Structure formats: C-alpha cells, structure tokens
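Here is a short report for a reader meeting this structure for the first time. Look over the sequence and the model, then read on.

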Amino acid sequence: MARRAMGAGGAGGGPGRGGVKGARRPEVRLPPQEPFRKGELEPDGDYDGLEFQEVDLTGQDGGGARFMDCALRGCALDETRLRHARILDSVLTGLRGVGTDLAESTLRDVELVDARLGGVQLHGAVLERVVIRGGKIDYLNLRKARLRDVVFEGCVLVEPDFGGARLERVEFVDCALKGADLSGVTLTDVDLRGAAELDIARGVDRLAGAVISPTQLLDLAPVLAAEMGLRVEAQ
C-alpha cells in the first residue's frame with residue numbers, strides 16, 4: 001500500500017540535480033490480494049485488493065470504476081473502456097493493448113511497468129506520483145492532462161501528444177521521446193536531461209520551465225532555428 005513517496009533527492013521530492021525539483025516517486029506496497037473472478041468489469045465498479053492475472057479485458061467497460069491496492073499483470077486491454085476510472089496505490093505490469101480509453105481518469109501512486117500499448121487515451125487525465133518504467137507506448141494521448149511527480153524511465157514513447165497539458169516535477173530517465181508534440185504545454189521543473197532520445201515534432205517554443213543538457217541543445221538547434229525563422233547557411 002502506497003502511503004508515502006520518495007523524491008529523487010530524498011523524502012518529499014526535494015531539489016534534484018541542478019536545482020530542479022525532483023519528482024516524488026510512489027512506494028507501492030500491496031496487501032495480500034484475492035484473485036479477480038467476476039468475469040467482466042462493471043461501470044462504476046469497486047475493486048479493492050484484487051489481483052488481475054493475465055485477464056482478458058478486451059472491449060470491457062469499467063468506466064468510472066475504482067481500483068485500490070490492485071495488481072494487473074499481463075492483462076489485455078484492447079479497446080477497454082476505463083474513462084473516469086480511478087487507479088490508486090496499484091501496480092500494472094506487462095499490460096498490452098490498442099485503443100485503451102483512460103480519458104479523464106486519475107492515476108495516483110501507480111507503477112506501470114513493461115507496458116506494450118498503442119493509442120492510449122489519457123486526455124484530461126490526472127497523474128500524480130506515477131512511474132512508467134520500461135516497455136513501449138505508441139501514440140500516447142495526454143492532451144490537457146495534468147502530470148505531477150511523474151517519471152518516465154527506460155521506456156519508448158512514439159509520437160506522444162502532450163498538447164495543452166500541465167507537467168510539474170516530471171522526469172525523463174533513459175527513455176526515448178520520438179516525435180513529441182508539446183503544443184500549448186506548460187512545464188514546471190521538467191527534467192529532460194536524462195532522455196536517451198529527445199525528438200520534438202511540435203511545440204519546441206514551449207520548453208520554458210524545462211531543463212535540457214548541452215548536447216540536447218545542439219541536437220535541438222535546427223528545430224529552434226526553424227521556430228525562430230532563422231536561416232542557417234554556410235558562407
């Protein structure tokens with residue numbers, strides 16, 4: 001059960017490297033669990049202390065449901081509807097699926113590990129004290145979402161859409177950002193220095209509030225020049 005979080009600089013999410021405030025990571029300690037045996041998810045269902053082990057949730061509707069102290073391991077989430085769901089103090093491991101709908105949901109004190117997902121809808125969602133570690137997520141939609149104390153670690157994000165989102169104390173560690181859309185985003189204490197790949201397709205003008213490395217600055221120079229309308233030509 002997650003009842004306290006640790007920051008990169010110690011308890012409470014103190015200053016990280018270079019004065020950037022580090023994200024507070026969840027410490028999820030699950031209680032003894034019972035296996036999920038109810039067959040299908042129910043809208044507005046209440047799931048407490050359950051283990052979903054390789055359950056096929058394809059096409060099911062759990063909109064508005066609450067998952068507390070749960071573990072989802074190896075589950076299929078193709079076209080699963082979880083809009084407005086609340087996922088709290090839980091561990092999600094090895095999830096796979098395309099078109100999972102988590103729009104306007106809440107994830108708090110959650111670990112998402114080794115996911116293989118595509119087209120996940122998290123627009124308007126709230127993520128707080130969340131670690132996304134390993135795996136690959138294609139076309140992640142986080143438009144107008146709110147992320148606070150979120151760590152992307154060792155994962156691959158292909159064309160993630162952060163348009164209009166608010167990110168505070170968010171870290172990218174050993175992960176690849178490919179074709180990211182930062183249009184209209186608001187960044188506060190966002191640490192991009194640890195990103196193994198930083199490819200910004202749109203919204204490079206919204207990087208205020210983030211910190212990047214000198215090498216990343218050189219890599220982004222062509223995009224920054226194009227944004228400023230600056231022509232760079234050899235003499």
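## Ground rules

Buried means under 20% relative accessible area, exposed means over 50%, and partly exposed lies in between. The model shown here is predicted.

## The chain as a whole

The chain has 1 helix and 19 strands. Its C-alpha atoms fill a box of roughly 70 × 35 × 25 Å along the principal axes. How does the radius of gyration of the chain agree with that of a compact globule? For 235 residues, a compact globule would come near 18 Å, and the chain has 18 Å, so the two agree.

Of the 235 residues, 51% are buried. The accessible surface comes to about 11100 Å². Carbon and sulfur atoms account for 48% of that surface. Contacts tell another part of the story. Among those between residues at least 6 apart in sequence, 14% join residues at least 24 apart.

## Cysteines without disulfides

How many disulfides does a search of the whole structure find? The count is 0. A disulfide needs two cysteine sulfur atoms within 2.5 Å. The closest cysteine sulfur to that of Cys 70 belongs to Cys 75 and is 10 Å away, so it is too far for a bond. Cys 155 is in no disulfide either, and its nearest cysteine sulfur, that of Cys 175, is 4.8 Å away.

Are Cys 70 and Cys 155 buried or exposed? Cys 70 is buried, with a relative accessible area of 0%. Cys 155 has 2% relative accessibility, so it counts as buried.

## Helix α1

Helix α1 covers residues 214-228. It has a kink of about 50° at Leu 220. The proline Pro 222 comes shortly after that point. Just past the helix stands Gly 229, with a positive phi near 75°.

Which residues of α1 are buried? They are Gln 216, Leu 220 and Ala 225. Leu 220 thus appears twice, as the site of the kink and as a buried residue. The buried residues of α1 pack against two strands, β17 (186-194) and β18 (197-202).

## Ala 195, between two strands

The loop between β17 and β18 holds Ala 195. Its relative accessible area is 11%, so Ala 195 is buried. Setting aside neighbours within four places in sequence, Ala 195 is in contact with Phe 172, Asp 174, Cys 175 and Gln 216. One of these, Gln 216, is also among the buried residues of α1.

Gly 39 offers a contrast in position. It is 156 residues from Ala 195 in sequence. In space, the two C-alpha atoms are 40 Å apart.

## Two strand residues

Asp 109 lies in strand β11, which spans residues 106-118. With 7% relative accessibility, Asp 109 counts as buried. What joins the side chains of Asp 109 and Arg 129? A polar contact of 2.7 Å does.

Leu 147 sits in strand β13, which runs over residues 146-153. Leu 147 is buried, at 2% relative accessible area. Leaving aside neighbours within four places in sequence, its contacts include Leu 127, Phe 152, Phe 162 and Val 170. Other contacts of Leu 147 include Arg 166 and Glu 168. Ala 125 is 22 residues from Leu 147 along the chain, and their C-alpha atoms are separated by 8.3 Å.

## Positive phi in the loops

Two loop residues have a positive phi without being glycine. One is His 84, with phi near 65°. His 84 lies in the loop between β8 (71-73) and β9 (86-93). It is partly exposed, with a relative accessible area of 43%.

The other is Lys 144, with a phi of about 60°. Lys 144 lies in the loop between β12 (126-138) and β13 (146-153). Is Lys 144 buried or exposed? Lys 144 is exposed, at 65% relative accessible area.

Terms used. Residues numbered from 1 in each chain as written. Predicted model: local features only at pLDDT ≥ 70, side-chain atom pairs only at ≥ 80, totals over all residues. Heavy atoms only, no water. Buried < 20%, exposed > 50% of the residue type's maximum accessible area, 1.4 Å probe, protein only. Bend = angle between axes of the 7 residues up to and from the residue. Helix = DSSP H or I, 4+ residues; strand = E, 2+ residues; numbered from the N terminus. Contact = heavy atoms within 4.5 Å. Rg over C-alpha atoms; globule rule 2.2 N^0.38 Å. Areas by Shrake-Rupley, 256 points an atom, 1.4 Å probe, with all protein chains shown as cover. Polar contact = N/O pair within 3.5 Å; in protein donor to acceptor, adjacent residues only side chain to side chain.
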